[in-house]
Every structure is written in C-alpha cells, then in structure tokens.
Amino acid sequence: MSGWRAKLKRNWAYMITATLISVFLWVAVSADTVEQRSVDTDVIFILGDPAYVMTEQEPSVDLVSVVFTGGAGDLAALAASRPQIVVSIDSVESDVLEVELSPEMVRGRGGRNLVDVRAVSVRPNQFRLAFQPRMRRIVRVVPRIDDVTVASGYMVSDSVRAEPGAVAVEGPAGSVEGIDSVITVPVIEEQLRETISVEVPLAPPAGDGLIELSSISVRVTIPVEQRIERAFAGIPLGIRGATTTGLRVEPSLVDVRISGPRSVVEAVRSEGLTPRVELSGPEDYGATLPITLPLPGPFLTVTVVPDSARVVQEGSEP
C-alpha cells in the first residue's frame, strides 16, 4: 500500500495531464461526429409591391422547424445564432399566393451561406398568403375628453380642437374604407380653471395592426373660461309668422338672462337679442305661445321671463 501511495505522489502531474488530454480528445471527436438536429428557424416574408398589403398568413407562425445535418459542434453554433428563411415577393399577381419552402432557401443569420451544415427538410413547408390593395385616405381626429372635469364656476368655452385636425390612414382597402375618423386616447385632466393644450397619442384603429397613421399623436386644446351670467331687462318681444296687421303681443317686453363663458357673455348686446313667438295662423290668436330666442353666441344658456305670451288683435279685449 505504501508503494502505491509513493508512486501516486511521484506521478500525479502526469496522471492529471493524461486525463485532460483524454477529455479534450473526446470533445474533439464528439464535435466531428455527424448527426441530425431540428433547429428553430425564422421565416420572414418581405412584400416589395407597394400597391398591396399582406393581410393573412396561414399558418400564422414566424418559426419553422428545419432538420440540419452536420457536426455536433457546428449544429450547436447554428442553433445559437438562429438561421432564417427570407421570402421576397416582388409583385402581387393575385389575392392569394401559395408559397413552398425548401431546404435550399435556408440561410444563416443575416443571409449568410451555411458552412459545415446542410438543411435537409423544412416543416411546415407550405404557406398561404393573402393580399389586399393598399388604400390611403384622410380622416378627421376626434379628441376624447370624457375624463376631463372643470372646477366649479368654470366651463369649456369653445370647441375642443386637435392639431392636426385630420390625419392619413393607410392599409388594406377593406379596413380603410370603414374608417371615417380616428380618436385620441382619453385626455385625463381634473378641476380645470384655464385653457390647456396637451400632446395626446392617437388610438390605433381596428385592423389587426395593419393600419398605419401619418401621425402617432396630436395636440389637443381644451378652452376653459369662468362662467358668468348677465341680465337684460325690457327686451321687445316680436311676432314671427304674422300675415295680417293690427296684432300685438302680451306682454310686449320680457327679461332675458344669459349665462356662459365670460368672453362670449360679455360680447352680447341687448340689440342683438330677438325673443319672439311663432304664429301659425288665426287659430293661435289669444292662445298662450312659447317664447323662443335664438342663441346670440356659442356655449350659452338663455332664460326668458316670462317664457310664454299671447298674440291678440288690436282693439280686442286683453
């Protein structure tokens, strides 16, 4: 036993060296062993015809399984770099195209030729591609402000604007034809006391991601002003639809209250207020008729006191 231990002590360095050489030789021999292996491979269809859009791919996979033959080490390196099949479609001759993939179409990453390995088979190897003519149209932008609130005593004082107010949509004709507007994502603002202008993304239209927009966002302006009220007393009440003379309206004067955005309310003048009753014919004489008043400006609320009147002939009893 002591002799064995002595030999081990004297020869340990040679024994370790021999072991490492054996391992290296085994790895080298294994790497040179020819075998077959299935490797996931990217399949890419490139449409070069600008007049069409590819709308469907069946099967809808972006990977195929390719069986390769070659050395174990080469196959391991190939799987790590991910080979690919690129199919270029220069022009579309029909709405449907059947494509068959073959081992000869397989390339290394970036289109490099395969080295020391060979593609044997591809699965799946048949694809059905569908196309539609490409269409482009201009549609309006609709801001979404459902989640916008203004502080008490304030109001939205004018139309909400988007800049640009229209964008181009482009994609398959069957989808684009059904689009007449594009909406923004919701604008979320609370307790506004002044006008704001914010950049807001556009919500992608329906169309399986095939619809393109000329702009991905717009600037939405929400005008906000203080709400005020003004009273106008003794405004003459008119008659509309009268075909005879000698008619009068009772009462002849009314009071008008107007509320709305400060800038709009302050621009109203009494001479621009035209309250009136609508007369259909003699059958309305003596009847109580509602008083109407055309709005003297946008975003205004109008109240007329009283809200009704009578049309009578001159000389008749009140």
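Two strands pair if DSSP finds at least two bridges between them. Keep that in mind for the views below, which come from a predicted model.

**View 1. G70 faces V117 across a pair of strands.**
Start with G70, which stands opposite V117 in strand 7. Strand 3, residues 63–71, and strand 7 pair in the antiparallel sense, and 6 bridges link them. Now look at helix 2, made of residues 72–81: it packs on the sheet and touches strand 1 (34–47), strand 3 and strand 7. The direction of helix 2 makes about 155° with that of strand 3.

**View 2. Here is the open sheet of 5 strands.**
Reading across this open sheet, the strand order is 6-4-1-3-7, and the pairing is mixed. Which strands sit at the edges? They are strand 6 (106–107) and strand 7 (117–123), and each of these pairs on one side only.

**View 3. Helix 2 has a buried side.**
Pick out A72, L75 and L78 in helix 2: these residues are buried. They cover an arc of only 125° around the axis, so they end up on the same side of helix 2. Just after helix 2 comes R82, and its phi is positive, near 65°.

**View 4. T41 is tucked away in strand 1.**
You'll find T41 in strand 1. Is T41 buried or exposed? T41 is buried, because its relative accessible area is 0% and the cut-off for buried is under 20%. A polar atom of the T41 side chain lies 3.2 Å from the backbone oxygen of V39. What else does T41 touch, once neighbours within four places in sequence are left aside? The list is D62, L63, V64, V66, F68, P83, Q84 and I85. Of these, L63, V64, V66 and F68 fall in the stretch 63–71 that forms strand 3.

**View 5. Strand 18 pairs with strand 10 and with strand 21.**
Strand 18 covers residues 224–236, and 3 bridges join it to strand 10 (residues 154–156). Those two strands run antiparallel. For one matched pair, look at M155, whose bridge partner in strand 18 is E225. Strand 18 also pairs with strand 21 (residues 253–261), again in the antiparallel sense, this time over 8 bridges. On that side, P236 stands opposite L253 in strand 21.

**View 6. Strands 11, 17 and 15 make an open sheet.**
This open sheet has 3 strands in the order 11-17-15, with antiparallel pairing. Strand 11 (161–163) and strand 15 (196–201) stand at the edges with a single partner strand each, so one side of each has no neighbour in the sheet. On average, neighbouring strands here are turned by 30° against each other, direction ignored. Between strand 15 and strand 17 there are 6 bridges, and the two run antiparallel. If you want one pair to follow, try E199, whose bridge partner in strand 17 is R219.

**View 7. T221 meets S197 through their side chains.**
T221 has its place in strand 17, which spans residues 217–222. The relative accessibility of T221 is 14%, so T221 counts as buried. How are the side chains of T221 and S197 joined? A polar contact of 3.2 Å does the job. Not counting residues up to four places away in sequence, T221 touches V160, R161, T195, I196 and S197.

**View 8. V167 has contacts from several parts of the chain.**
V167 is in strand 12, which takes in residues 166–172. With a relative accessible area of 2%, V167 is buried. V167 and V218 are 51 residues apart in sequence, yet their C-alpha atoms are 9.3 Å apart in space. Leaving out residues up to four places away in sequence, V167 touches R137, I138, V139, V141, V182, L202, S214 and S215.

**View 9. Zoom out to see the whole chain.**
Altogether the chain has 4 helices and 25 strands. How much of the chain is buried? Buried residues make up 31% of its 318 residues. Take the contacts between residues at least 6 apart in sequence: 74% of these join residues at least 24 apart. The chain exposes about 19000 Å², and carbon and sulfur atoms supply 52% of that area.

Note on methods: Residues are numbered from 1 along each chain as its sequence is written. This is a predicted model: local features need pLDDT of at least 70, side-chain atom pairs count only at pLDDT 80 or more; totals for chains, interfaces and linings use all residues. Side-chain values use heavy atoms; hydrogens and water are left out. Contact means heavy atoms within 4.5 Å. Axes are lines fitted to C-alpha atoms, for helices over the stretch in contact, and angles run from 0 to 180 degrees between N-to-C directions. Buried means under 20% relative accessible area, exposed over 50%, partly exposed in between (1.4 Å probe, protein chains only). The arc is that of the directions from the helix axis to the C-beta atoms. A polar contact is a pair of N or O atoms within 3.5 Å; within protein, one must be able to donate a hydrogen and the other to accept it, and residues adjacent in sequence count only if both atoms are side-chain atoms. Accessible areas come from the Shrake-Rupley method with a 1.4 Å probe; for residues, only the protein chains shown count as cover.
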